[in-house]
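Trainee: I should be grateful for a close look at one part of this structure, namely the way in which two helices pack against each other. Please then place that part within the chain.

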Amino acid sequence: MASIAQTKFQAIPQVHSRISLEVGLAVLLLGLTFAVRVTNLNYNSLFVDEAIYATVGREVLAGKDFQAASAWMFGSYFYPAAAALSNNIAGVVGMRGLSAILSTTAALFVFITTRQLFGIKPALWALLLFGLSGASISVGQFATYDVMGLPFLAIALFCIVSAALTRHQTAYLLAAGATFSLSFLGKYIAILYLPTLVYIGFLLFVAQRKPIRPLASRFLPVVIAVIGAYVLYFLFDLGEVFSGKHSTDIVDRLVVLRVILEEIGPAILAAGFGLLFIPRRLLGGFPGRMARALTVVALAGVLLSALALPAYHLVSSNFRALEKHAVYALIFLAPLAGNGIAAVVARLQRAGRGRVFGAVVTVAGLIWFVNYSLDRNWSFQNGWPDVSGAVEYLRQKGVGPDDLVLASGSAIYEYAFNFDIWSSRNIWFSTWYMKYKEIEGVDAMKLAILERAVDYVVLDDYYTPEMNQVLEPVLEAAGYWQDFQQTVELGNGDPIRVRVFLPPVESVQR
């Protein structure tokens, strides 16, 4: 009798020790997820999209909308306003730091969702997979509106799962509706994952023998009310946005497929294994046939619905923002992948002589994954030209409110000089669009150059390379001359020229 009591007494500290170790690992992984994002936030000059959101947000905070961004931006003013606020606090580091915080928040909710579904060990693997994947790290260092969509989508998934597995159904479903709506307002593309959330909720509610009506009476009404009101208010602008004119880059489908596999291929494979090891408690104790049928449905439906955004890119051949959108898919893939990895590792550990082999394979896999992710992240960080040299040149030239600058990626220079919002609209013009003397587009650019109204023309080989061959002959005809050139090498080895042209000294004053 004494030996039995002693055995029980000795087992308690071991259980607590194991739990403490796993919780400690979770904290460590979450800290690493954040640290790897904030270690170097000045890795490159701003990408044009980052600069656009910052300048739009600055106007929004001032109560203005000079750029009419709601007609071409694939998200609400929610993120630009947050980016401008963070920029006011700490500049580029503030904006990209906000991305790190929001991305890490998404990782946290991926972890706790997986823990609720499958347990602590799968949750640790899911956190590692989501937090340290190359695409996720890159998005977490990038000041664009994807980082506003991701955490709220992850929270919405957590709330759907919690509604199915706990008694607080109404509160969680209402919260799921609110957070999904915020994800949509962060970036409209989140709408493609509304069917996924509904499907997962349906599956879990049926498996737990709960009525599915609350999904329709509590979750969906919130989504319809918030998103419906927003769509009605911006109806005409959204028609322009969803026309695809501002968000399309058509490439060969094989290119799209290759990038999808590079970014989330391992997660897709591991998620497939995860579906084979769904805990019986999630199947609601159904008899054998029903449990097997439910598993088949899960295999066919959950994985496919998790790939909604990659599937959209593959079907449409649209390459635009593909790497960032892969992270949306990871929110749904990571829990399943964590379950699959944990199940495989557990079986290797129980294999007797195979334990050492299993440990070696696990460590080798971790080393490969982290190195691969960091390599992908380095390629991302060096994926566009650093134009700080051109910015410094323009500073030395004394660009001021009375000048007119036509530039590739003009928002980058607008952000760098930070003139007041009224002056900025009269100074900075982009090679994507210009209006001059009631003329618009390329014709406006040509006329402004021929009349020598433009004080500085900045051309590069990256943002609008097709415009170089259009504008160079016009610059030559108008007597403009090149006063600055810098060649920047991208991570893939491509050389990118950044050049600045000035009008002749005898230029007619505007």
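Mentor: The account below begins with the whole chain, turns to one helix pair, and then visits other places for context.

The model is a predicted one. Its protein chain holds 20 helices and 7 strands, and the C-alpha trace spans about 105 × 50 × 40 Å along its principal axes. Of the 510 residues of the chain, 53% count as buried. Among contacts between residues at least 6 apart in sequence, 75% join residues at least 24 apart.

Let us now examine the pair formed by H3 and H4. Two packed helices are described by the angle between their axes and the distance between the axes. Helix H3 covers residues 78-118 and helix H4 covers residues 120-131. Their axes are 7 Å apart and the packing angle is about 155 degrees. An angle over 145 degrees counts as roughly antiparallel, and H3 and H4 are therefore roughly antiparallel to each other. The crossing of the two helices is right-handed.

Which residues of H3 and H4 meet? On the H3 side they are Ser103, Ala106, Ala107, Val110, Phe111, Thr114, Arg115 and Phe118. On the H4 side they are Ile120, Pro122, Ala123, Leu124, Ala126, Leu127 and Phe130. By class, this contact has 12 nonpolar, 2 polar and 1 charged residues. An α-helix has 3.6 residues a turn, so residues three or four places apart point the same way. That rule is useful when reading the two lists of residues.

A second pair provides a useful companion. Helix H6 (residues 146-165) and helix H14 (residues 322-349) pack at an angle of about 10 degrees, with their axes 10 Å apart. That angle makes H6 roughly parallel to H14. In H6, the residues Asp146, Gly149, Leu150, Leu153, Ala154 and Leu157 take part, and they meet Lys324, His325, Val327, Tyr328, Ile331 and Phe332 in H14. The contact of H6 with H14 has 8 nonpolar, 2 polar and 2 charged residues.

We may now consider the loops that come before H3. Thr39 lies in the loop between helix H1 (2-38) and helix H2 (48-61). With a relative accessible area of 66%, Thr39 is exposed. A polar atom of the Thr39 side chain lies 2.5 Å from the backbone oxygen of Ala35. Thr39 and Gly97 are 58 residues apart along the chain, and their C-alpha atoms are separated by 9.9 Å. The loop between H2 and H3 contains Gly63, which is exposed, with a relative accessible area of 62%. The C-alpha atoms of Gly63 and Ala346 are separated by 57 Å, and these residues are 283 apart along the chain.

Buried places complete the picture. Ser305 is found in helix H12 (residues 288-306). Its relative accessibility is 14%, so Ser305 counts as buried. Leaving aside neighbours within four places in sequence, Ser305 is in contact with Tyr193, Thr196 and Tyr199. Helix H17 (residues 410-417) has 7 of its 8 residues buried, so H17 is largely enclosed by the rest of the structure. The buried residues of H17 are Ser410, Ala411, Ile412, Tyr413, Glu414, Tyr415 and Phe417. Asn418 follows H17 and has a positive phi, near 55 degrees.

Terms used:
Residues are numbered from 1 along each chain as its sequence is written. This is a predicted model: local features need pLDDT of at least 70, side-chain atom pairs count only at pLDDT 80 or more; totals for chains, interfaces and linings use all residues. Side-chain values use heavy atoms; hydrogens and water are left out. Axes are lines fitted to C-alpha atoms, for helices over the stretch in contact, and angles run from 0 to 180 degrees between N-to-C directions. Helices (H or I, at least four residues) and strands (E, at least two) are DSSP runs, numbered from the N terminus. Angles under 35 degrees count as roughly parallel, over 145 as roughly antiparallel, 65 to 115 as roughly perpendicular and the rest as oblique. A crossing is left-handed if the near helix is turned anticlockwise from the far one by less than a right angle, and right-handed if clockwise. Contact means heavy atoms within 4.5 Å. Ala, Val, Leu, Ile, Met, Phe, Trp, Tyr, Cys and Pro count as nonpolar, Asp, Glu, Lys and Arg as charged, and the others, Gly among them, as polar. Buried means under 20% relative accessible area, exposed over 50%, partly exposed in between (1.4 Å probe, protein chains only). A polar contact is a pair of N or O atoms within 3.5 Å; within protein, one must be able to donate a hydrogen and the other to accept it, and residues adjacent in sequence count only if both atoms are side-chain atoms.
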